[in-house]
Amino acid sequence: MTKSETLFTRAQKTIPGGVNSPVRAFKAVGGTPRFITKADGAYMWDVDGKQYIDYIQSWGPMVLGHNNPKIREAVIEASYSGLSFGAPTEAEVIMAETVSKLVPSMEMVRMVNSGTEATMSAIRLARGYTGRNKIVKFEGCYHGHADSLLVKAGSGALTLGVPSSPGVPANVAEHTLTVEYNNVDSVKEVFAEHGNDIACIIVEPVAGNMNCIPPVEGFLEGLRAVCDEYESVLIFDEVMTGFRVSRGGAQERYGVKPDLTCLGKVIGGGMPVGCFGGRKDIITHIAPTGPVYQAGTLSGNPVAMAAGLAAMEQLQQPNLYDSIFENTQALVDGMQALADKHNISLTTNVAGSMFGIFFTDVEKVTNYKQAINCNTEQFNKFYHGMLNEGVYLAPASYEAGFVSKAHDADVIAKTLEAADRVFATL
Ligand code: PMP
């Protein structure tokens with residue numbers, strides 16, 4: 001038995017499924033999850049001492065690579081002054097100013113502790129602001145696990161084949177209207193019927209929870225136009241795409257301005273942080289300036305802010321993103337060429353430093369139905385082959401991959417050499 005196997009058996013006695021977030025359990029791909037002891041740059045090590053090139057990067061936060069020295073030092077330094085005060089700090093002000101500068105549509109921001117809290121709070125704010133109940137989301141998009149957002153959700157919920165979770169009351173879910181991603185007509189139809197009771201559209205501007213699916217031309221612009229017409233709030237859930245597909249997020253990359261934005265992952269530099277913000281006239285409806293309630297004991301936590309600020313500072317280096325994007329493109333192009341060489345039907349998507357590989361005959365995957373019709377059996381074999389080779393991909397075919405600053409040409413080359421050997425076995 002490996003140490004991971006021993007730990008997994010032990011973990012399942014006191015932790016449901018042995019994990020604190022479902023996708024970590026390897027349910028989709030089978031086998032034993034690797035218990036991790038440390039990570040550095042592009043690499044992670046498990047309890048059995050095996051080294052992996054990591055393309056999960058903690059599911060997105062580590063755009064600078066694991067164990068970034070400046071973030072680590074900032075956390076250590078902040079911890080000397082106390083772990084939490086429950087009172088305002090200067091670091092929170094600097095954080096709000098920095099977010100506003102990097103993502104200008106976020107005129108004001110409120111810090112929270114996770115992406116789930118950010119989207120849940122943004123939805124409540126949109127409902128409170130508009131006085132409307134219904135929300136529109138997209139099939140295959142995941143926005144965290146708040147009740148009204150677990151309707152045809154992606155990520156773990158998809159992987160587990162539970163599109164709508166038990167425990168979500170029907171009369172909560174009925175206010176969530178789910179339409180097809182990359183299909184503006186389906187949005188227009190739902191607005192034609194319910195438009196005057198729709199508080200908001202929430203969208204992943206690059207979908208990253210049904211593998212990686214970028215917006216087709218005109219999609220995000222179409223959402224903007226529909227929201228303007230019906231005076232609904234457009235929410236970009238940039239928890240995954242923020243500071244990743246571009247320094248200013250997907251809104252900068254695609255040039256479409258939402259009313260509210262949700263951030264998470266990168267903004268905390270690896271600490272538990274989320275944030276939502278946007279138009280001043282909307283967000284001032286939140287307590288204490290407005291009646292929509294939202295709060296948090298640890299929100300704006302000083303150690304978390306120190307980590308996030310150290311990340312934000314480094315993200316402002318010139319050319320940083322260009323080089324990460326080049327390496328991501330090289331990885332994806334290399335994978336495609338190798339799959340072609342081995343006569344394997346495969347297509348790829350890429351958006352900045354997010355990527356997706358799909359085992360399918362479809363030329364370009366643009367929606368959820370295509371994403372779930374991929375050859376999962378082949379993916380699973382590929383997955384375990386790569387894991388064995390020391391390449392740690394997301395353990396489910398519905399998840400996007402992430403490249404960091406630490407994934408240099410050498411790391412990409414090693415990955416492609418491994419992929420060449422694994423494709424040959426499929
Ligand atoms: N929105 C998106 C787009 C996400 O990808 C995620 C998490 N993967 C969330 C929200 C929820 O964030 P968290 O897990 O921090 O609650």
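This report walks through the overall build, the ligand shell, three helix pairs and two backbone oddities of a predicted model.

Some ground rules come before the details. Residue numbers start from 1 in each chain, following the sequence as written. Because the model is predicted, local features are used only at pLDDT of at least 70 and side-chain atom pairs only at pLDDT 80 or more, while totals for chains, interfaces and linings take in all residues.

**Overall build**

The protein has 15 helices and 14 strands; these are DSSP runs (helices H or I, at least four residues; strands E, at least two), numbered from the N terminus. Its C-alpha atoms fit in a box of roughly 60 × 55 × 50 Å along the principal axes. The radius of gyration is 21 Å, which agrees with the value near 22 Å for a compact globule of 426 residues. That radius is taken over C-alpha atoms, and the globule rule is 2.2 Å times the number of residues to the power 0.38.

**Around the ligand**

Which residues come nearest to the ligand? Ser114, Gly115, Thr116, Gly144 and Val239 do, out of 16 residues around it; being near here means a C-beta atom, placed from the backbone, within 6 Å. Helix α4 (residues 115–130) gives the most to this shell, with three residues. By class, the shell holds four nonpolar, ten polar and two charged residues. In this scheme Ala, Val, Leu, Ile, Met, Phe, Trp, Tyr, Cys and Pro are nonpolar, Asp, Glu, Lys and Arg are charged, and the others, Gly among them, are polar.

**Helix pairs**

Two packed helices are described by the angle between their axes and the distance between the axes. Axes are lines fitted to C-alpha atoms, for helices over the stretch in contact, with angles from 0 to 180 degrees between N-to-C directions.

| Helix pair | Angle | Axis distance |
|---|---|---|
| α7 and α8 | about 15° | 9 Å |
| α3 and α11 | about 35° | 10 Å |
| α12 and α15 | roughly 20° | within 10 Å |

Take helix α7 (residues 184–194) and helix α8 (residues 219–230), which pack at about 15°. That makes α7 roughly parallel to α8, a label for angles under 35 degrees (over 145 is roughly antiparallel, 65 to 115 roughly perpendicular, the rest oblique). The crossing is right-handed: the near helix is turned clockwise from the far one by less than a right angle, whereas anticlockwise would be left-handed. On the α7 side, Val184, Val187, Lys188 and Phe191 meet Phe219, Gly222, Leu223, Val226 and Tyr230 of α8, where contact means C-beta atoms, placed from the backbone, within 7 Å. This contact has seven nonpolar, one polar and one charged residues.

Helix α3 (residues 90–102) packs on α11 at about 35°, and their crossing is left-handed. Residues in this contact include Ile94 and Met95 of α3 and Met305 and Leu309 of α11. Its classes are nine nonpolar, two polar and one charged.

Lastly, helix α12 (residues 320–341) crosses helix α15 (residues 409–423) at roughly 20°, so α12 is roughly parallel to α15. The crossing is right-handed. Among the contact residues are Leu331 and Met335 of α12 and Leu416 and Phe423 of α15. Here the split is ten nonpolar, three polar and one charged.

**Backbone oddities**

Where does Pro288 lie? Pro288 is in the loop between α10 (280–283) and α11 (302–315), and a cis peptide bond joins Ala287 to Pro288, with omega about 10°. Asn211 is not a glycine, yet has a positive phi of about 70°; Asn211 is found in the loop between β7 (198–203) and α8.

Technical notes
Contact = placed C-beta atoms within 7 Å.
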